[in-house]
Amino acid sequence: MSFIDEVKIFVKSGDGGAGCVSFRREKFIPLGGPDGGDGGRGGDVICKVSPQLATLLDMRQHPHQKAKRGGHGRGADKHGAAGDDLIMLLPIGTVIKDAETDEILADLTEPDSEIVLMKGGRGGQGNARFKTSTHKAPKFAQPGEPGEEKWIRLELKLMADVGLLGMPSVGKSSLITKISSARPKIADYPFTTLKPNLGVVQYKNYRTFVMADIPGLIEGASEGAGLGHRFLKHLERTGQLLHLLDLSWMPDRDPIAEYEALNRELALFDPELAEKRQTVVINKIDLPNVRENLAEVLPYFQEKGIKVFPISAATGEGISELLDDIAFNLWGKPDETW
């Protein structure tokens with residue numbers, strides 16, 4: 001299934017039905033008077049979270065969404081039926097924006113979120129409504145009110161407790177594969193991750209948290225370089241970030257310079273994102289040169305008061321300690337319920 005996290009669609013609520021102009025015509029009842037019924041209201045546009053959805057693919061395939069119009073009024077004081085509401089099922093974390101003004105219309109962050117995005121048009125009144133003592137045979141009725149219509153933009157921002165951040169090929173996909181049931185593509189070349197992956201990590205006593213792995217970032221990502229710039233928004237809702245570093249490239253590449261470069265990209269994209277809690281994870285500690293290089297970079301992070309966890313996603317070394325720290329940040333001091 002394709003991962004679609006942005007889509008622009010046209011949405012319209014239902015038009016109201018027209019009121020009816022009618023007069024009662026029955027044998028032996030002369031001058032029966034007006035009996036035109038009212039038109040029915042148009043259907044509303046309702047946005048509702050569906051836990052079964054994880055992408056906006058269905059909206060991409062159906063870019064025109066319209067609610068049903070109300071039925072027209074009829075004679076004998078028969079009112080038109082109300083138009084069926086349009087229920088748009090969306091994944092949790094969907095932000096709904098006006099495509100022209102970029103105004104946020106709704107943010108579906110709760111599992112049971114449901115909002116009326118557009119109201120249907122009101123049905124017109126039939127001529128029976130306009131009968132008065134001085135105007136007993138009105139020959140007019142109201143048309144139905146038109147429904148609302150607009151182009152909207154849907155943006156999906158993943159709901160995760162922890163986000164994985166780092167340059168390509170530092171081991172983010174390997175880590176999420178090791179500790180969760182997520183199975184992203186893993187290969188020995190950059191940009192093997194082409195879409196975000198969510199993994200549910202089971203901790204002690206059945207407590208769980210959600211981890212998000214996004215495509216690797218490079219310098220200039222906030223301006224569109226590489227693949228990760230489209231997915232930076234998926235880190236906005238995370239409670240904390242794990243910044244993975246790979247020391248096996250030293251001295252050809254400077255991991256501290258890369259760490260600083262990616263944090264600049266976060267600040268350029270969203271200053272609040274750069275302020276999120278970060279934990280540095282040194283991956284591939286099972287490699288001898290990584291252990292040797294560790295002593296060279298540790299003083300930099302210790303001076304800044306940043307926690308560093310050396311781990312191996314391949315062997316599992318250090319992962320238990322890392323999970324304990326994540327759990328403490330999420331839920332506080334452990335107790336008997338852990």
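**Predicted fold of the chain: sheets, a buried strand and a bent helix**

The chain averages a pLDDT of 85 in this predicted model. A score of at least 70 is reached by 87% of the residues. Two stretches fall much lower. Over residues 184-194 the pLDDT is below 50. Even so, this stretch has 28 contacts in the model beyond near neighbours in sequence. The pLDDT also stays under 50 over residues 224-228. For that segment the model has 13 contacts beyond four places in sequence. Where pLDDT is low, predicted coordinates should not be read in detail.

The overall composition comes next. The chain has 338 residues, and 48% of them count as buried. Its secondary structure comes to six helices and 14 strands. Among contacts with a separation of 6 or more, 73% join residues 24 or more positions apart. The accessible surface of the chain comes to about 17200 Å². Carbon and sulfur atoms account for 50% of that surface.

One open sheet has five strands, in the order β3-β1-β8-β5-β6. Its pairing is mixed. Strands β3 (64-66) and β6 (104-108) stand at the edges. Each has a single partner strand, so one side of each is left without a neighbour in the sheet. From one strand to the next, the twist averages 25 degrees.

Within this sheet, β8 (residues 149-156) is paired with β1 and with β5. Strand β1 (residues 6-12) runs antiparallel to β8, and seven bridges join the two. Ile9 stands opposite Ile152 in β8. Strand β5 (residues 94-98) also pairs with β8 in the antiparallel sense, here over five bridges. Three of these cross-strand positions can be followed along β5. Thr94 stands opposite Leu156 in β8. The bridge partner of Val95 in β8 is Glu155. Ile96 stands opposite Leu154 in β8.

Strand β5 has a second partner in β6. These two strands pair in the antiparallel sense over four bridges. Lys97 stands opposite Ile104 in β6. Together β5 and β6 form a hairpin, with five residues between them. In the turn, Asp102 has a positive phi of about 65 degrees.

How many residues of β5 are buried? Five of the five are, so the strand is largely enclosed by the rest of the structure. Both faces of β5 are covered. Thr94, Ile96 and Asp98 lie on one side, and Val95 and Lys97 lie on the other. Thus Lys97, the residue opposite Ile104, is among the buried residues of β5.

A further open sheet has three strands, in the order β4-β2-β7. Its pairing is mixed as well. Strands β4 (86-90) and β7 (114-118) stand at the edges. Each of them has a single partner strand, so one side of each lacks a neighbour in the sheet. Neighbouring strands of this sheet are turned by 30 degrees against each other on average, direction ignored. Strand β2 (residues 45-49) pairs with β4 in the parallel sense over five bridges. Cys47 stands opposite Met88 in β4.

Helix α5 spans residues 288-304. Where does this helix bend? The bend is at Ala295 and comes to about 40 degrees. A proline, Pro299, follows within four residues. The buried residues of α5 are Val290, Asn293, Leu294, Val297, Tyr300 and Phe301. Several elements cover these buried residues, including the strands β12 (240-246), β13 (277-283) and β14 (308-310). The helix α3 (255-269) is also part of this cover. Just after α5, Gly305 takes a positive phi of about 70 degrees.

Definitions and conventions:
Residues are numbered from 1 along each chain as its sequence is written. This is a predicted model: local features need pLDDT of at least 70, side-chain atom pairs count only at pLDDT 80 or more; totals for chains, interfaces and linings use all residues. Side-chain values use heavy atoms; hydrogens and water are left out. pLDDT is the predictor's confidence in each residue, from 0 to 100. Contact means heavy atoms within 4.5 Å. Two strands pair if DSSP finds at least two bridges between them. Axes are lines fitted to C-alpha atoms, for helices over the stretch in contact, and angles run from 0 to 180 degrees between N-to-C directions. The bend at a residue is the angle between axes fitted to the seven residues ending there and the seven starting there. Buried means under 20% relative accessible area, exposed over 50%, partly exposed in between (1.4 Å probe, protein chains only). Accessible areas come from the Shrake-Rupley method with a 1.4 Å probe; for residues, only the protein chains shown count as cover.
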